[in-house]
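Visitor: I would like a close look at one part of this model, namely the open space in its surface and what stands around it. Please take me through it slowly, with the cut-offs behind each term.

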Amino acid sequence: MRLTKSTDIALRIAMRLAVAPDAGDGAAPTTREVAGAVGVPYTHAAKVVSRLQHLGVVEARRGRGGGLALTEAGRRGSVGRLVRELEGVGDVVGCEDEPPCPLRAACRLRGALRQAQEAFFAALDPITVEELTGPRPPAPPC
């Protein structure tokens with residue numbers, strides 16, 4: 001399974017904001033700064049930030065002392081839930097596209113792919129952005 005470009009950008013932005021300095025000191029990064037830090041065009045980052053705001057993951061403040069900050073929900077919420085919201089719950093394959101697949105009546109691929117997609121999301125459910133960006137646990141001894 002491959003994530004859409006906007007989901008990839010959203011996860012990178014959330015991770016970048018998770019390691020940003022506390023916004024209380026006026027150093028909250030701007031959308032332009034975050035776009036540069038994660039290597040995406042400003043226009044793409046701005047659209048994704050807007051979507052993340054709508055989902056309650058990012059808070060954006062305008063003007064002097066403004067910038068972006070990851071909300072508590074963005075920091076501690078499930079990555080699986082976030083990816084579901086960003087990707088949507090549509091089918092992996094286009095069985096009902098125009099023209100519809102002529103094999104769809106007897107095909108079991110669609111169900112198998114739906115199960116695989118849910119397993120993918122379920123693997124991300126227990127993970128938070130905070131865990132993705134926090135200190136790594138020590139490596140086990142060899």
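Guide: What follows goes from the largest pocket to one of its lining residues, and then to the helix that holds this residue.

This is a predicted model, in which local features need pLDDT of at least 70 and side-chain atom pairs count only at pLDDT 80 or more, while totals for chains, interfaces and linings use all residues. Residues are numbered from 1 along each chain as its sequence is written, and side-chain values use heavy atoms, with hydrogens and water left out.

The largest pocket holds about 250 Å³ of space; a pocket here is an open set of points on a 1 Å grid over the protein atoms alone, with protein on both sides within 12 Å along at least five of seven lines, and its lining residues have an atom within 4 Å of a point. The volume is the space filled by probe spheres set on the points, which are joined across faces, edges and corners. Of the 14 lining residues, Thr31, Ala60, Arg61, Arg62 and Leu68 are the closest to the centre of the pocket. Two or more lining residues come from each of helix H3 (42–54), strand S1 (58–61) and strand S2 (67–70), and H3 gives the largest share, five residues. Helices and strands are DSSP runs numbered from the N terminus, helices being H or I over at least four residues and strands E over at least two. By class, the lining has five nonpolar, seven polar and two charged residues, where Ala, Val, Leu, Ile, Met, Phe, Trp, Tyr, Cys and Pro count as nonpolar, Asp, Glu, Lys and Arg as charged, and the others, Gly among them, as polar.

Thr31 lies in helix H2 (residues 31–38), and counts as buried because its relative accessibility is 17%, the limit for buried being under 20% with a 1.4 Å probe and protein chains only. Leaving aside neighbours within four places in sequence, Thr31 is in contact (heavy atoms within 4.5 Å) with Tyr42, Ala45, Ala46, Val49 and Leu68.

H2 also meets helix H1 (residues 5–18), the two axes coming within 10 Å and crossing at roughly 110°. Axes are lines fitted to C-alpha atoms, for helices over the stretch in contact, and angles run from 0 to 180 degrees between N-to-C directions. H1 and H2 are therefore roughly perpendicular, a term for angles of 65 to 115 degrees. Arg12, Ile13, Arg16 and Leu17 in H1 meet Val34, Ala37 and Val38 in H2, a contact with five nonpolar, no polar and two charged residues.

Notes
Buried means under 20% relative accessible area, exposed over 50%, partly exposed in between (1.4 Å probe, protein chains only). Angles under 35 degrees count as roughly parallel, over 145 as roughly antiparallel, 65 to 115 as roughly perpendicular and the rest as oblique. On a 1 Å grid over the protein atoms alone, a cavity is a set of points where a 1.4 Å probe fits but cannot get out, and a pocket is an open set with protein on both sides within 12 Å along at least five of seven lines; lining residues have an atom within 4 Å of a point.
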